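Please walk through this protein chain with me, from its overall fold to its core, its surface and a few individual residues.

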Amino acid sequence: MRKVVVITGGTSGIGAACAERFAAKGYTVYTISRHERHMENVVSLCADVTDAASLSQQIVAVIEKEK
């Protein structure tokens, strides 16, 4: 079974460090934040985490892709 993690605020600081660490350990990593940032082996998605509809849309997209 493939391991998948979704991290909000993953383009900088602790979120980016977590994304890089999970990716290095072989997880499929998605980050959701207002700004995209290219990181190796990490899929960056845009959403405003304070907007429930925007965030929900991205979570649903991840679930559909990973089924």
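**From a partly exposed glutamate to the whole fold**

Glu 64 counts as partly exposed because its relative accessible area is 48%, where buried means under 20% relative accessible area, exposed means over 50%, and partly exposed lies in between, with a 1.4 Å probe and protein chains only. The model is a predicted one, in which local features need pLDDT of at least 70 and side-chain atom pairs count only at pLDDT 80 or more, whereas totals for chains, interfaces and linings use all residues. Residues are numbered from 1 along each chain as its sequence is written, and side-chain values use heavy atoms, with hydrogens and water left out.

Glu 64 forms a salt bridge with Lys 67, in which the closest N and O atoms are 3.2 Å apart; the term stands for a side-chain nitrogen of Lys or Arg within 4 Å of a carboxyl oxygen of Asp or Glu. Lys 67 itself is exposed, at 73% relative accessibility. Over the whole structure, the search finds two salt bridges. Another pairing is that of Arg 2 and Glu 66, whose side chains meet at 2.3 Å, N to O. Since Arg 2 lies in the segment before E1 and Glu 66 in helix H2 (residues 52-66), this pair ties together parts that are 64 residues apart in sequence. Arg 2 is exposed, with a relative accessibility of 53%.

These elements belong to a chain with two helices and three strands, and their order from the N terminus is β-α-β-β-α. Helices (H or I, at least four residues) and strands (E, at least two) are DSSP runs, numbered from the N terminus. For 67 residues, a compact globule would have a radius of gyration near 11 Å, and the protein chain agrees with that at 11 Å; this radius is taken over C-alpha atoms, and the globule rule is 2.2 Å times the number of residues to the power 0.38. Along the principal axes, the C-alpha atoms fill a box of roughly 30 × 30 × 15 Å. Of the 67 residues, 33% count as buried. Among contacts (heavy atoms within 4.5 Å) between residues at least 6 apart in sequence, 32% join residues at least 24 apart.

Turning to the interior, the largest nonpolar core has eight residues, namely Val 5, Ile 7, Ala 16, Ala 19, Ala 23, Val 29, Met 39 and Val 42. Such a core is a set of buried Ala, Val, Leu, Ile, Met, Phe, Trp, Tyr and Cys residues joined through side-chain atoms within 4.5 Å. Strand E1 (4-8) and helix H1 (13-24) each supply at least two residues of this core, and H1 gives the most, with three. Apart from this core lies another, of five residues, among them Ile 32, Leu 45, Ala 47 and Val 62.

Ala 16 also leads towards the loops: leaving aside neighbours within four places in sequence, Ala 16 is in contact with Gly 9, Gly 10, Thr 11, Arg 37 and Met 39. Thr 11 sits in the loop between E1 and H1 and counts as buried, at 18% relative accessibility. With the same neighbours set aside, Thr 11 is in contact with Ala 16, Ser 33, His 35, Glu 36 and Arg 37.

Where does Glu 36 lie? Glu 36 is placed in the loop between strand E2 (28-33) and strand E3 (42-46), and counts as exposed at 59% relative accessibility. Not counting residues up to four places away in sequence, Glu 36 touches Thr 11, Ser 44 and Cys 46. The loop between E2 and E3 also holds Asn 41, which is exposed at 59% relative accessibility. Phi of Asn 41 is near 65°, a positive value in a residue other than glycine. Most residues other than glycine have a negative phi.

On the surface, Val 4, Val 6, Ile 59 and Ile 63 make a nonpolar patch of about 280 Å². Patches are made of residues with over 30% relative accessible area and no salt bridge, with like charges joined within 9 Å and nonpolar side chains (Val, Leu, Ile, Met, Phe, Trp, Tyr) within 5 Å. E1 and H2 are the elements that give two or more residues to the nonpolar patch. Ile 59 is in helix H2 and counts as partly exposed, at 32% relative accessibility. Accessible areas come from the Shrake-Rupley method with a 1.4 Å probe, and for residues only the protein chains shown count as cover.
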